[in-house]
Amino acid sequence: MKITYFISLEKRVQQIISVRLVIEEITDPQVQITLPNWTPGSYKIRDYSGRIRSISFRTQTGTILKAAKLDKSSWKVTRDETGTVEVVYEIYASELTPRTSHADATHALLNPSGLLFYVEGYKEQTSEIELSIPDGWHITTGLEKIDGNRFRATNYDILADTPFEIGTQQVFTFRVDGREHEISIYGNPQMDLGTFVADVEKIANAASSMMKGIPCKRYCFIFDFSDTRGGGLEHLNSTVIIMDRLMPLSQKSYRAMLSTVAHEYFHMWNVKRIRPVELGPFNYKVENYTNMLWFAEGITDYYANKLLLRAGIVDRSGFFEYMARHINTYFDRPGRKRQSLYESSFDSWIKQYQPTADTLNSSVSYYLGGMMLGFALDLKIVTTTLGQKSLDDLIRLLFEKYRKDGKGYTEKDLLGGLKEITGQDLTAFIDSYVKGIEEIPFESLMVGAGLELTVKQLEEGWSGIILKREGATTKVVSVVEGSSAWDADLIAEDEILAVNGIRISEKMISSEDRWYEGKLDRFARLFPQSASITFFRRSELMTTTYVPKNFGRDVSIKESKDQEARVRKMLEKLLAG
Ligand SMILES: [Zn+2]
């Protein structure tokens with residue numbers, strides 16, 4: 001069988017991508033084609049077939065073939081004696097996210113998992129992709145180039161995992177470990193691109209020196225800047241990162257942007273190669289469940305921070321300040337007492353990507369919780385081995401395993417790896433903090449590695465209310481269980497009008513003071529005494545009394561003075577590798 005995708009951007013201005021899928025040399029009487037319902041890396045059913053605006057099945061000479069629709073995303077086509085089937089279809093591509101395709105007059109971002117059908121039973125088949133694009137436009141992709149605008153994918157999994165950015169983007173290149181890295185920048189970000197590219201290169205070098213080389217021939221960063229922050233998505237030898245073009249204007253959000261870069265880049269190892277056994281080969285039709293996203297995502301988040309340190313982008317105090325802030329956030333989230341990281345990973349399909357106002361009370365994020373576990377596990381390994389080993393060694397060991405057998409890891413492999421590195425059985429550790437919901441003993445873990453965790457109770461109150469401004473109105477987003485706002489019986493969607501008879505304003509709820517960033521919320525600071533709150537609930541005027549009872553807490557981490565050489569070695573191992 002020969003599979004070729006011809007993609008045209010002729011109708012890009014109307015946000016339409018046209019595809020002609022040509023399947024030749026068919027020996028079976030029928031072929032079944034399917035468009036994936038989700039994209040690996042983003043664990044939610046997204047029903048991409050809903051974006052198909054027209055589809056027809058024909059021979060190469062244009063004779064219409066018989067086709068039956070089997071389910072929301074699959075068709076069965078009966079071939080004629082020529083043995084060739086052409087599927088001609090159009091996709092509406094209006095969403096600029098790392099998981100979708102987007103096209104307009106200025107560019108196109110193609111995400112093949114929601115754009116290109118696979119042929120059932122032939123996912124292992126090589127295919128070719130030919131793009132018809134406007135003159136002068138450039139293609140950034142990690143896919144192997146045949147010539148001109150023609151590319152080859154060794155199998156469908158690789159095709160689905162390799163996005164394209166096409167347009168007049170700015171392109172930069174650098175080499176790490178002798179491998180070319182291409183950076184594509186679209187969307188006019190407000191920053192000095194020279195500095196940005198240099199920072200990305202520093203991150204790539206830090207990751208390469210930890211992992212002892214780059215496991216692909218070429219790597220592409222696709223950055224699309226827009227007016228909202230869309231996040232990133234990892235791929236085999238590339239990544240798509242959607243950021244707000246104004247983010248670089250603040251030091252803090254520029255750092256958050258670089259943290260996303262480091263996160264997606266580290267995925268080249270953790271999840272794309274060191275992968276849970278359940279994640280590949282993929283079943284694109286249904287949910288693919290795993291209990292290991294805390295490792296695949298959370299540990300990656302921990303390394304994003306560690307790589308920024310090793311790249312010299314943040315210093316040691318910056319690293320500890322970041323970890324402390326996230327410990328604070330983690331402890332402020334009641335949901336960590338209701339759901340384990342294990343369950344959070346498994347339920348990603350119904351929780352992480354589909355949050356409700358109750359999410360922070362009833363679930364734990366495998367990103368944040370996994371990052372906490374990464375730090376805890378790193379501390380555990382360096383203290384157990386007296387600074388001989390760190391979490392880096394486990395990552396490298398799992399990567400070696402993958403290089404040998406190409407297979408995913410199981411929970412047993414993870415525990416086996418930990419035992420090999422530390423000489424100890426850490427099953428109880430994983431049982432308590434990953435499968436269970438026991439409190440991570442940060443204080444004692446840190447002491448052993450020469451760190452001090454200080455928890456300061458603040459005198460100012462903490463309301464437990466999360467508010468948002470919608471135009472001129474102020475609405476409740478969430479209420480933390482057990483907080484003062486919870487006791488005041490406020491619920492999500494309540495529209496707050498006034499506190500103590502004074503109209504609530506933008507100034508009062510500045511997002512700079514969001515509680516979950518580890519800072520006191522301004523609401524509690526403005527109203528330290530009991531207050532009467534007037535609000536609308538489904539357009540009915542109501543009043544409640546707010547009584548402050550909770551106090552803010554500030555967690556900080558610092559290196560202990562007078563460290564013995566023995567302890568200093570452990571900390572150096574953890575930070576520098
Ligand atoms: Zn990730």
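Two strands pair if DSSP finds at least two bridges between them. Helices (H or I, at least four residues) and strands (E, at least two) are DSSP runs, numbered from the N terminus. The model here is predicted: local features need pLDDT of at least 70, side-chain atom pairs count only at pLDDT 80 or more, and totals for chains, interfaces and linings use all residues. Residue numbers start from 1 along each chain as its sequence is written.

**Exercise 1. Work out the strand order of the sheet that contains strand 4 and strand 13, and find its edges.**

Step 1. Follow the 7 strands of this open sheet, and you get the order 4-7-2-1-11-14-13, with mixed pairing.

Step 2. Look at the ends. Strand 4 (52–58) and strand 13 (144–147) each have a single partner strand, so one side of each is left without a neighbour in the sheet.

Step 3. Check the twist. On average, neighbouring strands of this sheet are turned by 20 degrees against each other, direction ignored. For such angles, axes are lines fitted to C-alpha atoms (for helices over the stretch in contact), and values run from 0 to 180 degrees between N-to-C directions.

Step 4. Zoom in on one pair. Strand 4 and strand 7 (residues 85–92) are antiparallel over 6 bridges, and Phe-57 has Val-87 as its bridge partner in strand 7.

**Exercise 2. Trace the sheet that has strand 16 and strand 19 at its edges, pair by pair.**

Step 1. Its 5 strands form an open sheet in the order 16-17-18-20-19, and the pairing is mixed. Strand 16 and strand 19 (231–234) each have a single partner strand, so each has one side without a neighbour in the sheet.

Step 2. Start at strand 16 (residues 170–176). It pairs with strand 17 (residues 179–186) in the antiparallel sense over 7 bridges, and Phe-172 stands opposite Ile-183. The hairpin has 2 residues between these strands, and Asp-177 takes a positive phi near 55 degrees there.

Step 3. Move on to strand 18 (residues 218–226), which pairs with strand 17 in the parallel sense over 7 bridges. Here Ser-184 faces Ile-222. Between these strands the chain passes through helix 2 (residues 193–211), and this β-α-β crossover is left-handed. (A crossover is right-handed if, with the strands pointing away from the viewer, the path from the first strand over the helix to the second runs clockwise.)

Step 4. Continue to strand 20 (residues 238–244), which runs parallel to strand 18 and is joined to it by 7 bridges. Ile-222 appears again, with Val-240 as its bridge partner in strand 20.

**Exercise 3. Which side of helix 11 do its buried residues Phe-429, Tyr-433 and Val-434 take, and which helices do they pack against?**

Step 1. A residue is buried if 20 or more other C-beta atoms lie within 10 Å of its own, exposed if 12 or fewer, and partly exposed in between, with C-beta atoms placed from the backbone. In helix 11 (residues 427–435), Phe-429, Tyr-433 and Val-434 are buried.

Step 2. Their arc is only 90 degrees around the axis, so they sit on the same side of helix 11. The arc is that of the directions from the helix axis to the C-beta atoms.

Step 3. The buried residues of helix 11 pack against helix 4 (293–310), helix 6 (341–346) and helix 8 (366–384). Contact means C-beta atoms, placed from the backbone, within 7 Å.

Terms used. Two residues are in contact if their C-beta atoms, placed from the backbone, lie within 7 Å.
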